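Visitor: I'd like a close look at one single part of this protein. Could you take me through it slowly and then show me what lies around it?

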Amino acid sequence: MATRLFVCDIQQALRQSIYSCETVITQTCKLLDAAEIFGWSVIATTQKKRALGETVPEILEKPAFKRAEINSDKTLFSMMIPEVKEIVQPDDTVIIAGVESHVCVLQTVLDLCRSNIKVYVCADAVSSGNRGEIPIALRRMASAGAIVSTSDSVMFELLKDASHPNFKQMSQLIKTNLSSTGEALLTFSKI
């Protein structure tokens, strides 16, 4: 049983066209820091890198991202490409962040739910070009069985107990990102 952070298609060419992309990047960086603390594996994709460019530099710099178990380019919208299917197991927990909510994130979540994999969608770390797509996609993911939550809530839920050895590090991570997380929640709650 493993916890895996999926980082979906947060690419340079999409930076200007995604609603509040900078917020998605900031929240995904926080989740990557959490992956470093908790030892979650990271699975990352790009969508047609030749056309849409590399993953944004802020994410590329994160140690957990540099050690990604899989970092693949794809044409399939879902991240559940053959090499990912080979390692993701039914008793795994997946946390997902990225773009676009109604395309690649949605299709990945639907595939994971069909495979009976527990999946958390961080509503403060997913977006689309058209912001109106986001709440519709989140509702569809929830109806398929995904747990739609916030990055902080997911971290606490997986931590379970203040006596956890990583509690202090996680608390510090949350405090360090308090302002940006608050901004993310305000941004995405207005949709």
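What covers the buried residues of helix H8?

Guide: Happy to! This is a predicted model, in which local features need pLDDT of at least 70 and side-chain atom pairs count only at 80 or more, while totals for chains, interfaces and linings use all residues. Residues are numbered from 1 along each chain as its sequence is written, and side-chain values use heavy atoms, leaving out hydrogens and water.

Let's begin with the helix itself. H8 spans residues 151-159, and its buried residues are Ser151, Asp152, Val154, Met155 and Leu159. (Helices are DSSP runs of H or I with at least four residues, strands are runs of E with at least two, and both are numbered from the N terminus; buried means under 20% relative accessible area, exposed over 50%, and partly exposed in between, with a 1.4 Å probe and protein chains only.) If you look down the axis of H8, these buried residues fall within an arc of 165 degrees, so they line one face of the helix. That arc is drawn from the directions of the C-beta atoms as seen from the helix axis.

Now to your question. The cover over the buried residues of H8 includes three helices, H1 (21-38), H9 (167-176) and H10 (178-189), along with three strands, E4 (93-99), E5 (118-127) and E6 (147-149). Contact here means heavy atoms within 4.5 Å.

The strands in that cover lead us to the sheet. H8 lies across E1, E4, E5 and E6, and runs at about 150 degrees to E5. (Axes are lines fitted to C-alpha atoms, for helices over the stretch in contact, and angles between N-to-C directions run from 0 to 180 degrees.) The sheet is open and has 6 strands in the order E3-E2-E1-E4-E5-E6, with parallel pairing. At its edges stand E3 (70-74) and E6, each with a single partner strand, so one side of each is left without a neighbour in the sheet. From one strand to the next, the twist averages 20 degrees. Another helix, H6 (residues 101-114), also packs on the sheet: H6 touches E1 (3-8), E2, E3, E4 and E5, and its direction makes about 165 degrees with that of E4.

Let's pause at E4, one of the strands covering H8. Is E4 mostly covered or mostly open? Mostly covered, as 7 of its 7 residues are buried. Thr93, Ile95, Ala97 and Val99 are buried on one side of E4, and Val94, Ile96 and Gly98 are buried on the other. E4 pairs with E1 over 6 bridges in the parallel sense, and Val7 stands opposite Ala97 in E4. E4 also pairs with E5, again parallel and over 6 bridges; there, Ile95 has Tyr120 of E5 as its bridge partner. (Two strands pair if DSSP finds at least two bridges between them.)

From H6, Val109 reaches several residues of this region: leaving aside residues up to four places away in sequence, Val109 touches Ile96, Val119, Val121, Met141 and Ala146.

Just past E4 comes a surprise. Most residues other than glycine have a negative phi, and most peptide bonds are trans. Yet Val99 and Glu100 are joined by a cis peptide bond, with omega about -15 degrees, and Glu100 sits in the loop between E4 and H6.

The end of H8 has a twist of its own. H8 is followed by Lys160, with a positive phi near 75 degrees, although Lys160 is not a glycine. Lys160 belongs to the loop between H8 and H9 and is exposed, with a relative accessible area of 70%. Elsewhere, Lys48 also has a positive phi, near 45 degrees. Lys48 lies in the loop between E2 and helix H2 (49-52) and is partly exposed, at a relative accessible area of 46%.

Finally, visit the edge strand E3. E3 runs parallel to E2 (residues 41-47), with 5 bridges joining them; Thr46 has Asp73 as its bridge partner in E3, and Ile43 has Ile70. In a regular strand the side chains alternate between the two faces of the sheet. You can see this along E3, where Ile70, Ser72 and Lys74 point to one face and are buried, while Asn71 and Asp73 point to the other and are not.
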